[in-house]
Amino acid sequence: MKNILSTKLLTPHQKTILNEAGIHLQEYQAINITPKEFQLPAGFDNYIFTSQNAVEAFNRHLSDFQKNRESGKACFCVGEKTRLLLENNGQKVAKVSQNAADLAYFIAKYHKNESFLFFCGNRRMDDLPGILTKNKLHFKEITVYDTELNPQHFSESFDGVLFFSPSGVKSFAMSNEIGRSVAFCIGNTTAKEATLYTDSIIVPDTPTIENLLKKVISHNNLSLKK
């Protein structure tokens with residue numbers, strides 16, 4: 001496998017990792033994120049963030065005074081990168097999970113008598129709110145950003161396609177077939193969406209871009225040995 005497509009623009013360091021492994025990369029933005037204006041209701045004990053996009057939209061919207069006032073809230077989040085982003089902005093992280101369902105079950109088990117604000121996008125998955133609702137948790141959703149699909153057709157085929165969200169999978173599939181490409185998915189939620197289009201899916205043990213790239217490289221090395 002030498003030719004891959006990323007449905008998200010990678011950093012220079014991430015591109016170097018692939019380049020040094022002899023892998024040719026093409027990239028584009030499969031989705032566009034637009035922060036929204038929102039009202040921050042009072043009276044909730046904790047905050048939930050399932051993506052970095054939600055954290056960035058939250059921080060962009062609030063004034064420095066509001067950020068300081070809200071820094072005492074306990075935050076529950078998905079992903080180490082989301083945790084780091086929260087902590088770098090002065091927020092306290094009480095729990096981090098690898099996916100939204102695990103986080104929801106944790107909250108339902110250990111924090112059932114508390115209240116939560118869930119900051120999300122307009123295309124958020126149903127896992128977390130569904131589990132919280134089923135367990136009769138007191139929570140409110142706030143849509144803090146919009147996800148817009150940005151479909152683009154590619155005439156060539158790729159040995160692998162990198163996916164970072166269910167929306168990214170949907171966007172790519174609107175104008176392309178995954179076909180014989182390997183779908184490298186950042187996590188299980190993204191992989192679940194990819195199963196609608198292919199059985200050839202690889203997911204890293206820990207959902208980070210760096211771990212995803214390691215999977216690409218190891219798969220490429222195995223392919224070269226065949």
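**Buried residues and paired strands**

User: S167 lies in helix α7. Why does S167 count as buried?

Analyst: The model is a predicted one, and in it S167 has 9% relative accessibility. Buried means under 20%, so with its 9% S167 counts as buried. Leaving aside neighbours within four places in sequence, S167 is in contact with I31, R123, T147 and L149.

User: Which other residues of α7 are buried, and what covers them?

Analyst: Alongside S167, the buried residues of α7 are P166, G168, V169, S171 and F172. Their cover includes the strands β1 (3-6), β3 (31-35), β8 (138-149) and β9, together with helix α8.

User: S6 is found in strand β1. Why is S6 called buried?

Analyst: The relative accessibility of S6 is 0%, and the cut-off for buried is under 20%, so S6 counts as buried. Beyond its neighbours within four places in sequence, S6 is in contact with L25, Q26, E27, Y28, L162 and F164.

User: What makes the pair of S6 and K8 a polar contact?

Analyst: A polar atom of the S6 side chain lies 2.5 Å from the backbone oxygen of K8. Such a contact needs a pair of N or O atoms within 3.5 Å, and the 2.5 Å between S6 and K8 meets that distance.

User: How do you know that β9 and β10 pair, and in which sense do they run?

Analyst: Two strands pair if there are at least two bridges between them. Strand β9 (residues 160-163) and β10 have four bridges, so they pair, and they do so in the parallel sense. Within this pairing, L162 stands opposite F184 of β10. Helix α7 (residues 166-175) joins β9 and β10 in a right-handed β-α-β unit.

User: What makes β10 and β11 a pair as well?

Analyst: Between β10 and strand β11 (residues 201-202) there are two bridges, in the parallel sense, and since at least two are needed, these strands pair. I201 in β11 is the bridge partner of A183. With helix α8 (residues 188-194), β10 and β11 make a right-handed β-α-β unit.

User: Why can β10 be called covered on both faces?

Analyst: In strand β10 (residues 182-185), V182 and F184 on one side are buried, and so are A183 and C185 on the other. In a regular strand the side chains alternate between the two faces of the sheet.

User: How do you know that the buried residues of α5 are on the same side of the helix?

Analyst: In helix α5 (residues 100-110), the buried residues are A100, A101, L103, A104, I107 and A108. They cover an arc of only 160 degrees around the axis, which puts them on the same side of α5. Y105 and K109, on the other side, are exposed. Among the elements that cover the buried residues of α5 are β4 (46-49), β5 (74-78) and α6 (127-134).

User: What makes N99 a cap of α5?

Analyst: A side-chain oxygen of N99 lies 3.2 Å from the backbone nitrogen of A101, and this falls within the 3.5 Å limit of a polar contact. N99 thus caps the N-terminal end of α5.

User: How does the radius of gyration of the protein chain stand against that of a compact globule?

Analyst: For 226 residues a compact globule would have a radius of gyration near 17 Å, and the 19 Å of the protein chain agrees with this. Of these 226 residues, 44% count as buried.

Conventions:
Residues are numbered from 1 along each chain as its sequence is written. This is a predicted model: local features need pLDDT of at least 70, side-chain atom pairs count only at pLDDT 80 or more; totals for chains, interfaces and linings use all residues. Side-chain values use heavy atoms; hydrogens and water are left out. Buried means under 20% relative accessible area, exposed over 50%, partly exposed in between (1.4 Å probe, protein chains only). A crossover is right-handed if, with the strands pointing away from the viewer, the path from the first strand over the helix to the second runs clockwise. The arc is that of the directions from the helix axis to the C-beta atoms. Contact means heavy atoms within 4.5 Å. A polar contact is a pair of N or O atoms within 3.5 Å; within protein, one must be able to donate a hydrogen and the other to accept it, and residues adjacent in sequence count only if both atoms are side-chain atoms. The radius of gyration is taken over C-alpha atoms; the globule rule is 2.2 Å times the number of residues to the power 0.38.
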